[in-house]
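Let's take a friendly walk through a set of packed helices. Have the sequence and the 3D view ready, and follow along as each part comes up.

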Amino acid sequence: MATPDESPSAKRWLPLEANPDVMNQFLWGLGLPADEAECCDVYGLEDELLAMVPQPVLAVLFLFPITSQTEEQRLQQENEKKDASNKVYFMKQTVGNACGTIGLLHSVGNITSEIKLQEGSFLDRFFKSTASMDALERAAFLEKDREMEVAHSVAATAGETEASDNVDTHFICFTCVDGELYELDGRKSGPISHGASSPSSLLQDAAKVIRGMIQKNPESLNFNVIALSKKVGVGF
């Protein structure tokens with residue numbers, strides 16, 4: 001999706017499909033070990049369907065349509081925005097259609113203490129290089145990163161639907177940092193807090209916010225929820 005910070009000459013990528021298999025191959029190829037975490041579908045927001053999602057959930061990705069209602073809410077949240085924990089990893093989106101990749105970077109960037117990235121891998125280097133940067137500096141760093149651009153392009157063409165850069169949907173991430181649920185949207189100026197949360201209630205807390213967003217756009221069916229879950233070894 002186009003971004004508010006996007007100039008007419010801004011770089012544009014092909015959008016990433018809301019497909020856990022595509023996202024897993026993308027993340028695993030960039031240095032998230034396959035035995036550490038994986039993306040999986042959230043088939044519905046009812047309690048019994050949420051209970052089917054592998055636990056613990058580390059982050060939640062939400063794909064939704066850009067409408068007049070979501071734009072109105074975005075502007076309202078900007079006016080009401082409160083200071084977020086300085087532990088939240090956040091970056092702006094300045095590349096068109098990069099929201100899927102930025103959603104995944106937000107997901108992984110806020111759980112680096114929970115998972116072990118492959119030493120020297122792209123993700124390991126990316127987060128170490130951008131750790132002390134602000135949101136716009138991180139966006140500029142990503143925009144110039146040829147390795148990520150190529151990896152994104154490969155992932156964007158690996159989906160089941162034909163890739164097109166003309167889309168009206170957008171990915172955001174929900175994560176829990178310092179006991180708060182944060183919405184991370186590269187089109188906004190910073191993280192949005194949705195109140196108290198915990199690692200064990202992250203999925204349910206995010207689902208509550210997502211249900212509210214869906215209710216404001218009752219005529220649209222173009223929603224998708226994906227969880228990034230930590231893999232837990234099974235003892236014998």
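In this predicted model, helix 4 and helix 5 are roughly perpendicular to each other, because their packing angle of about 80° falls in the range of 65 to 115 degrees that counts as such. Helix 4 covers residues 99-109 and helix 5 covers residues 122-130, and their axes lie 11 Å apart. Which residues make the contact? Helix 4 brings Leu-105, Val-108 and Gly-109, while helix 5 brings Leu-123, Phe-126 and Phe-127. Sorted by class, this contact holds 5 nonpolar residues, 1 polar residue and no charged ones.

Now look at Thr-130, which also belongs to helix 5. Is Thr-130 buried or exposed? Its relative accessibility is 0%, so Thr-130 counts as buried. Leaving aside neighbours within four places in sequence, Thr-130 touches Tyr-89, Arg-138 and Phe-141.

Arg-138 takes us to helix 6, residues 135-143, where Ala-135, Arg-138, Ala-139 and Leu-142 are buried. Viewed down the axis of helix 6, these buried residues fall within an arc of 100°, so they line one face of the helix. Their cover includes helix 4, helix 5 and helix 7 (146-156).

Two polar contacts are worth finding in your view, one from Thr-130 and one at the start of helix 6:

| Side chain | Backbone partner | Distance |
|---|---|---|
| Thr-130 | oxygen of Phe-126 | 2.8 Å |
| Asp-134 (oxygen) | nitrogen of Leu-136 | within 3.2 Å |

Phe-126 thus appears twice on your tour: in the contact between helix 4 and helix 5, and as the backbone partner of Thr-130.

Key: Residues numbered from 1 in each chain as written. Predicted model: local features only at pLDDT ≥ 70, side-chain atom pairs only at ≥ 80, totals over all residues. Heavy atoms only, no water. Axes fitted to C-alpha atoms, helices over the stretch in contact; angles between N-to-C directions. Helix = DSSP H or I, 4+ residues; strand = E, 2+ residues; numbered from the N terminus. Parallel < 35°, antiparallel > 145°, perpendicular 65-115°, else oblique. Contact = heavy atoms within 4.5 Å. Nonpolar A, V, L, I, M, F, W, Y, C, P; charged D, E, K, R; others polar. Buried < 20%, exposed > 50% of the residue type's maximum accessible area, 1.4 Å probe, protein only. Arc of directions from axis to C-beta. Polar contact = N/O pair within 3.5 Å; in protein donor to acceptor, adjacent residues only side chain to side chain.
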